[in-house]
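Got the viewer open? Let's take a walk through this one together, selecting a piece at a time.

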Amino acid sequence: MLLWRCLTSSISWPRPSLLTAASVFRGRIPPYNRLNPCKPIAAGRRAASFAAPRPELVREALFVPPGVAKENVTVGMVLPGSNIVVGPYAGDARIKHADFVKSSSRAKDCPKDDRPEFAIIGRSNVGKSSLINALVRQDIALTSKKPGKTQLINHFLINKSWYIVDLPGYGFAHASESARMDWSSFTKGYFQNRDTLVAVLLLVDASIPPQQIDLDCANWLGRNNIGMTFVFTKCDKTKGGKGSRPADNIKQFQELIKTCYREPPPWIMTSSVTGLGRDELLLHMSQLRNFWDNNEE
């Protein structure tokens with residue numbers, strides 16, 4: 001688990017270092033089958049792409065998972081709307097069952113059954129509950145028009161084998177100072193004491209320009225060697241019709257964050273309204289989870 005955290009939060013403090021673009025060529029490895037990469041796509045559907053006489057060069061700051069050499073990465077292995085390469089640890093990502101288990105006010109009260117878990121965190125109005133509901137395709141997490149309603153650590157059991165954990169949002173302007181201090185203490189306590197934590201999904205609102213509070217959260221997670229994936233939400237909208245496009249906001253965010261990392265962290269674009277990125281995010285989570293299962297100390 002510690003090895004995976006190092007791989008997913010390869011962060012350089014305090015001296016910044018620029019990312020190196022990964023140059024990869026198209027090869028003859030079959031493309032993944034979205035939710036179930038163990039079942040390859042029929043060869044005939046992609047035969048034409050393999051017949052090209054010249055290799056297609058890709059220049060991306062890619063997140064290359066364990067078990068994959070950069071020189072072997074092909075275009076078809078990169079998840080759409082992300083920088084994430086699918087590796088050998090990716091498995092069946094379908095969610096068949098999802099159940100609410102419990103809410104905890106303290107990290108020590110969280111489930112203790114050693115199942116792997118993914119923590120979802122972000123600003124209070126970033127759309128955490130909506131993303132969870134979109135992933136499991138049911139209204140399992142409560143949504144509200146009033147940001148900051150989640151005040152507890154909520155565990156949802158997925159396929160009776162792993163957890164999605166909904167953490168309280170940060171940065172809610174109307175919360176009392178004592179409530180904000182309480183968030184800081186017990187949420188950070190969760191991160192630092194959960195041996196079953198596979199990775200953090202740090203949600204960032206792509207419909208608005210980068211926010212310092214999101215950069216600060218990423219900073220803290222990186223300094224504490226906690227693996228994270230940036231999940232850009234609301235990629236289907238622009239605030240008030242006057243803001244920058246989500247793609248521009250994402251690019252700006254990446255420019256601000258990349259100077260801190262030796263290797264590019266994984267990121268993906270999503271929308272709980274259109275379903276953008278749902279299957280791809282689940283597939284990414286499957287390879288993190290399977291690596292964790294196979295390398296647990």
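Start by selecting phenylalanine 232: opposite phenylalanine 232 you'll find methionine 269, which belongs to strand E9. Show both strands here: E8 (residues 228-233) and E9 pair in the parallel sense, over 3 bridges. Two strands count as paired if DSSP finds at least two bridges between them. The labels are DSSP runs too, numbered from the N terminus: helices are H or I with at least four residues, strands are E with at least two.

Now add helix H6 (residues 246-257), which packs on the sheet and touches E7, E8 and E9. The direction of H6 makes about 155° with that of E8. Contact here means heavy atoms within 4.5 Å. Axes are lines fitted to C-alpha atoms, for helices over the stretch in contact, and angles run from 0 to 180 degrees between N-to-C directions.

A word on what you're looking at: this is a predicted model, where local features need pLDDT of at least 70 and side-chain atom pairs count only at pLDDT 80 or more, while totals for chains, interfaces and linings use all residues. Residues are numbered from 1 along each chain as its sequence is written, and side-chain values use heavy atoms, with hydrogens and water left out.

**The whole sheet**

Zoom out and colour the strands. In what order do the 7 strands of the open sheet come? The order is E3-E5-E6-E4-E7-E8-E9, and the pairing is mixed. Strand E3 (98-104) and strand E9 (267-269) stand at the edges with a single partner strand each, so one side of each has no neighbour in the sheet. From one strand to the next, the twist averages 25°. As background, strands of a sheet pair through backbone hydrogen bonds, either parallel or antiparallel.

**Strand E7 and its partners**

Next, select strand E7 (197-205). How many of the 9 residues of E7 are buried? The count is 9 of 9; buried means under 20% relative accessible area, exposed means over 50%, and partly exposed is in between (1.4 Å probe, protein chains only).

E4 and E7 run parallel and are joined by 6 bridges. To see one spot along that pairing, pick isoleucine 121, which stands opposite leucine 202 in E7. E7 and E8 also run parallel, again with 6 bridges, and valine 200 has methionine 228 in E8 as its bridge partner.

Bring in helix H5 (residues 212-223), which lies across strand E4 (117-122), E7 and E8. H5 runs at about 165° to E7. Together, E7, H5 and E8 make a right-handed β-α-β unit. Right-handed means that, with the strands pointing away from the viewer, the path from the first strand over the helix to the second runs clockwise.

**Helices H3 and H7**

Jump to helix H3 (residues 128-136). H3 is largely enclosed by the rest of the structure, because 8 of its 9 residues are buried. Among them are Leu131, Ile132 and Val136. Click on the residue that follows H3, arginine 137: its phi is positive, near 60°.

For another helix, try H7 (residues 278-295), with 18 residues. H7 reaches 26 Å from its first C-alpha to its last, close to the 26 Å expected at 1.5 Å a residue; that expected span is 1.5 Å times one less than the number of residues. H7 is mostly covered, with 14 of its 18 residues buried.

**Salt bridges**

Show the charged side chains. The whole structure has 12 salt bridges, each being a side-chain nitrogen of Lys or Arg within 4 Å of a carboxyl oxygen of Asp or Glu.

Stay at H3 and pick lysine 128, which forms a salt bridge with aspartate 166, the closest N and O atoms being 2.9 Å apart. This pair links distant parts of the chain, 38 residues apart: aspartate 166 sits in strand E6 (residues 162-166). Are the two partners, lysine 128 and aspartate 166, buried or exposed? Both are buried.

Compare aspartate 92 with arginine 94: their closest N and O atoms are 2.5 Å apart. Aspartate 92 is partly exposed at 31% relative accessibility, and arginine 94 is partly exposed at 38%.

One last selection: Arg123, Asp205, Asp214 and Lys234, linked in a network of salt bridges.
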